[in-house]
Amino acid sequence: MDPTRAQPPSPGPGELATVDPSPRAAVVASLAGTLSRAVALGDEEAARVVHEAIGQLLGLPVAP
C-alpha cells in the first residue's frame, strides 16, 4: 500500500486544517469562514465582531 494515498490532502488557500474535531473547533472554523467572507466583502464592522468572537473562543485578550 502506498503511504502517500493514506494521508488526507493538505488544505488549500483559505481553508483551515481540522486537527481537533471538537464542537469548539468546528465553531472556530465556521467563524473563520465567516470572517473571511466579511473581509472579502469589505464589511469592517462584521469582520471586527467575528474577529472578537474568535478571540474569545480561543481565550485571547479582548482589545479595549
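Which residues does Leu-35 touch, if we don't count residues up to four places away in sequence? Let's start there. Keep in mind that what you have in front of you is a predicted model. Leaving out those sequence neighbours, Leu-35 touches Ala-47, Val-50, His-51 and Ile-54.

Okay, so hold on to Leu-35, and let's look at the company around that residue. Leu-35 is one of seven residues in the largest nonpolar core. The others are Val-28, Ala-32, Ala-38, Ala-47, Val-50 and Ile-54. Notice that Ala-47, Val-50 and Ile-54 were also on the list of residues that Leu-35 touches.

Where does this core come from? Two elements give two or more residues to the core: helix H1, running 23–41, and helix H2, running 44–58. Of these, H1 gives the most, with four residues.

Now let's move over to the charged side chains. How many salt bridges does a search of the whole structure find? It finds two, and Arg-48 is a good place to see them. In one, the side chains of Arg-48 and Glu-45 meet, at 2.6 Å from N to O. Why might that pairing make sense? Well, Arg-48 and Glu-45 are three residues apart in helix H2, so about one helical turn separates them. And in general, side chains of opposite charge can pair when their charged atoms come close.

Arg-48 also forms a salt bridge with Glu-52, and there the closest N and O atoms are 2.9 Å apart. Here the two residues sit four places apart in helix H2, so again we're talking about one helical turn or so. Put those together and you get one network, with Glu-45, Arg-48 and Glu-52 joined by salt bridges that share partners.

Are these three buried, or partly exposed? Arg-48 is partly exposed, at 39% relative accessibility. Glu-45 is partly exposed too, with a relative accessible area of 46%. Glu-52 also counts as partly exposed, at 33%.

One last stop: Leu-58. This residue lies in helix H2, and it is partly exposed, with a relative accessible area of 46%. Which residues is Leu-58 in contact with, leaving aside neighbours within four places in sequence? Those are Arg-24 and Val-28, and you'll remember Val-28 from the nonpolar core. Have a look at Ala-25 as well: Leu-58 and Ala-25 are 33 residues apart in sequence, and their C-alpha atoms are 9.5 Å apart in space.

That's my tour. Thanks, everyone!

Note on methods: Residues are numbered from 1 along each chain as its sequence is written. This is a predicted model: local features need pLDDT of at least 70, side-chain atom pairs count only at pLDDT 80 or more; totals for chains, interfaces and linings use all residues. Side-chain values use heavy atoms; hydrogens and water are left out. A nonpolar core is a set of buried Ala, Val, Leu, Ile, Met, Phe, Trp, Tyr and Cys residues joined through side-chain atoms within 4.5 Å. Buried means under 20% relative accessible area, exposed over 50%, partly exposed in between (1.4 Å probe, protein chains only). Contact means heavy atoms within 4.5 Å. A salt bridge is a side-chain nitrogen of Lys or Arg within 4 Å of a carboxyl oxygen of Asp or Glu.
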